[in-house]
Amino acid sequence: MTLQTSDFDFHLPEELIAQTPLKDRTASKLLILDKKTGDIQDKHFHDILDELHPGDALVMNNTRVLPARLYGEKPETGGHLEVLLLNNIENDTWETLIKPAKRAKVGTEISFGDGRLKAVVKEELEHGGRIIDFAYEGVFLENLEALGEMPLPPYIKETLEDQERYQTVYAKENGSAAAPTAGLHFTQELMEKIEAKGIKIVYLTLHVGLGTFRPVNVEDLDNHHMHSEFYALSEESAESLRQIKATGGRIVAVGTTSIRTLETIGTKFNGDIQADSGWTEIFIKPGYEFKLVDAFTTNFHLPMSTLIMLVSAFSTRENVLNAYEHAVAEEYRFFSFGDAMFVK
């Protein structure tokens, strides 16, 4: 039987959607799910230390979220435009989303911060997408830090007081339009405890695109086309993971972005771990056989999203939906600033 998008629906009361992060990153709840039996345990995130074993690798996505939402105006009319940076195509050329799109025809000039940053629309894409070229003095990222806002997901209505709370503490490589939220629960102190226990922390990069929030708008999953995201795994990280595998350790992924990167590489190289970079459109849904990932931590995802399908592929749809039902009953906090689950 072919699974349908509606097979991954569940009831989520709106009040369980976390609007703000907890003061202590590690204070979140942690639901532990046995992928085979479906058994559930309720713990707190700092208890993840008990789930990691000496000789394991903990794989983290070190992407850093750009303050990618800009508010500008058209110098000739004063009309206001909201620009969201999606992908850096090359140098100062970006794929963006512009609202209202009808005001952003090819050739339209946009000024940000009294002209500190300027842009020209070069090409029109679908759904409000535009290719634009930027012009500026100095360093682009410094201008962006000064003028841009963090692009919080559409279900978060509250203002984020501290922009760094939408970054992981190990964020390094600029390029994401959204945070790899499973990593938001880690602190430097917890990471030091993890390493002291004999667990190897390994980094990769996947720049998260806004496609991660797009709903699946087809009922037959075979007709869904995944968005494309850039990933990179260095030779140093690949070698660390090869050593972990060779000595019988587990590869434990932090978040679906790390899973997507690892499984893209595992699929491409027939289960081998090799340094690689490129664009992935991998769609992991039930029926997929995992090549590299042995366990993972992740947040709670939107109903009927590709991410809940990915988690279901690792266990079963029934086990995962049962765990989500339990999380709702126990009033876990959902989505980006919410609680986490560990699937093993």
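**Exercise 1. Find which residues of helix α5 are buried, and judge how enclosed the helix is.**

*Solution.* Start with the list: Gly-255, Thr-256, Thr-257, Ser-258, Ile-259, Arg-260, Thr-261, Leu-262, Glu-263, Thr-264, Ile-265 and Gly-266 are the buried residues of α5. Here, buried means under 20% relative accessible area with a 1.4 Å probe, protein chains only, and a helix is a DSSP run of H or I with at least four residues, numbered from the N terminus. Next, weigh the list: 12 of the 14 residues of α5 are buried, so the helix is largely enclosed by the rest of the structure.

Keep in mind that this is a predicted model, where local features need pLDDT of at least 70. Residues are numbered from 1 along each chain.

**Exercise 2. Check the length of α5 against its expected span.**

*Solution.* The expected span is 1.5 Å times one less than the number of residues. For the 14 residues of α5 (residues 255–268), that should give 20 Å, and the end C-alpha atoms are 20 Å apart, which agrees. Just after the helix, Asn-270 takes a positive phi of about 55°.

**Exercise 3. Find what α5 gives to the lining of the second largest cavity.**

*Solution.* A cavity is a set of points on a 1 Å grid over the protein atoms alone where a 1.4 Å probe fits but cannot get out; lining residues have an atom within 4 Å of a point. The second largest cavity holds about 50 Å³ of space. Its lining includes Thr-256, Thr-257 and Arg-260. α5 gives the most to this lining, with 3 residues.

Key
This is a predicted model: local features need pLDDT of at least 70, side-chain atom pairs count only at pLDDT 80 or more; totals for chains, interfaces and linings use all residues. Side-chain values use heavy atoms; hydrogens and water are left out. Helices (H or I, at least four residues) and strands (E, at least two) are DSSP runs, numbered from the N terminus. Buried means under 20% relative accessible area, exposed over 50%, partly exposed in between (1.4 Å probe, protein chains only). On a 1 Å grid over the protein atoms alone, a cavity is a set of points where a 1.4 Å probe fits but cannot get out, and a pocket is an open set with protein on both sides within 12 Å along at least five of seven lines; lining residues have an atom within 4 Å of a point. Grid points are joined across faces, edges and corners, and a volume is the space filled by probe spheres set on the points.
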